Amino acid sequence: MSKPVQPLLLLLTGAALLRITLGSDVYLRYVKEGLWPLLVLSGVLLVGLGIAGLVSLVADRLRQPVMQLRHDADGRPYWHPARDAHGREHGHGHGHGHGHGHAHGHGAPRVAWLLAVPAVSLLFFAPPALGSYTAARDGASAAAELTAYAELKDEPTVPLRMGEFIGRTVHDTWSVRGRKVKVMGFVAPGSRPGTWYLSRLTVNCCAADARPMRIEIHGAAAPPTDSWAEVTGLWRPTDVDPDDPLPQLDAGEVTPVSPPRNPYADEAPAGGSGTSGPPEEKAGSAQDGA
């Protein structure tokens, strides 16, 4: 593997980071929005290091002689190429030349090119955000948020964040009993026949630590798996485990919607917050979104 491998890998990785941050919002599929400045800075540094490395290699190559003056067995001078067909330098003797060329020809293992695969994939086709597969196999749901909830607005339908709705079904049941609510998420298969989940994934830092939030939906046919939908309905009063919450909702209306810009940010559906005032400060900690 030749010397340009390292700067080329740095250049590819940096270009991929800049493509998913400055060129689009694709980075939101993998990390929280607050990490955007660090990703941009990392991309700029990697691109700069890659370009500097390539410039240094070109400068070194230009300083090297193309031909070398040698003498044959009779002492007559002649010009000989300084490099062989593979670009490796020849030494002044057979033993030295062989060792010198060998060192330059195998500076890095060929497996190093595998490091370029993630960068190239981000440049040309970005993997989608996590969805139903992760939500169904990620173990227990995110704990119900413990919050001093504000009073809900006096409206026929109250739009709520999924984390807030789940938290109210555990810690503030009177506020959602008999109230028509609207929540948004992606569709995942249910564990029992005739049911399905409206799900969200919440992250603390990146997709690697994603935890699911789920609501079991009854009374309506499931849209296609991994599609996004707004569900309007009534909470079915049941005991909800605060450590692995799975409230149930009797759906009255299911509306397909486009995926949100940030799939890990737990936001209320169109219509704004369902509280009568600004959210109060949380009294406890829970994983409730990016």
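Visitor: Is C206 buried or exposed, and how much of it is accessible?
Guide: Neither label fits. C206 is partly exposed, with a relative accessible area of 23%. Keep in mind that this is a predicted model.

Visitor: And C205, what's its relative accessible area?
Guide: C205 has 35%, so it counts as partly exposed.

Visitor: How many disulfides does the structure hold?
Guide: Zero.

Visitor: Why is there no bond between the sulfur of C205 and the one in C206?
Guide: They are too far apart for a bond. The closest cysteine sulfur to that of C205 is in C206, and the gap is 4.3 Å. A disulfide needs the two sulfur atoms within 2.5 Å. C206 is in no disulfide either; its nearest cysteine sulfur is that of C205.

Visitor: New topic. How many residues are in the largest nonpolar core?
Guide: It has 23 residues. Those with the most contacts inside it are L160, F165, I215, I217 and L249.

Visitor: Which elements each supply at least two residues of this core?
Guide: One helix and several strands do. They are α6 (162-171), β4 (180-189), β5 (196-202), β6 (211-218), β7 (228-236) and β8 (248-257). α6 gives the most, with four residues.

Visitor: What is F165 in contact with?
Guide: Leave aside its neighbours within four places in sequence. Then F165 is in contact with L160, V176, V181, V183, I215, W235, P247 and L249.

Visitor: What about a second core, which residues does it include?
Guide: There is a separate one of 10 residues. Among them are A16, Y27, A119 and L122.

Visitor: Over to the strands. How many bridges join β7 to β8?
Guide: Nine, and these two strands run antiparallel. One pairing to look for: T232 has E253 in β8 as its bridge partner.

Visitor: And β6 with β8, parallel or antiparallel?
Guide: Parallel, with three bridges joining them. I217 stands opposite L249 of β8. Both residues are among those with the most contacts inside the largest core.

Visitor: Last stop, helix α1. What span should its 17 residues have?
Guide: Helix α1 covers residues 5-21. At 1.5 Å a residue it should span 24 Å. Its end C-alpha atoms are 25 Å apart, which agrees.

Visitor: Which residues in α1 are buried?
Guide: V5, P7, L9, G14, A16, L17, L18, I20 and T21. A16 also belongs to the second core.

Visitor: What covers them?
Guide: The cover over the buried residues of α1 includes α2 (36-63) and α4 (116-124).

How values were computed
Residues are numbered from 1 along each chain as its sequence is written. This is a predicted model: local features need pLDDT of at least 70, side-chain atom pairs count only at pLDDT 80 or more; totals for chains, interfaces and linings use all residues. Side-chain values use heavy atoms; hydrogens and water are left out. The expected span of a helix is 1.5 Å times one less than its number of residues. Buried means under 20% relative accessible area, exposed over 50%, partly exposed in between (1.4 Å probe, protein chains only). Contact means heavy atoms within 4.5 Å. A nonpolar core is a set of buried Ala, Val, Leu, Ile, Met, Phe, Trp, Tyr and Cys residues joined through side-chain atoms within 4.5 Å. Two strands pair if DSSP finds at least two bridges between them.
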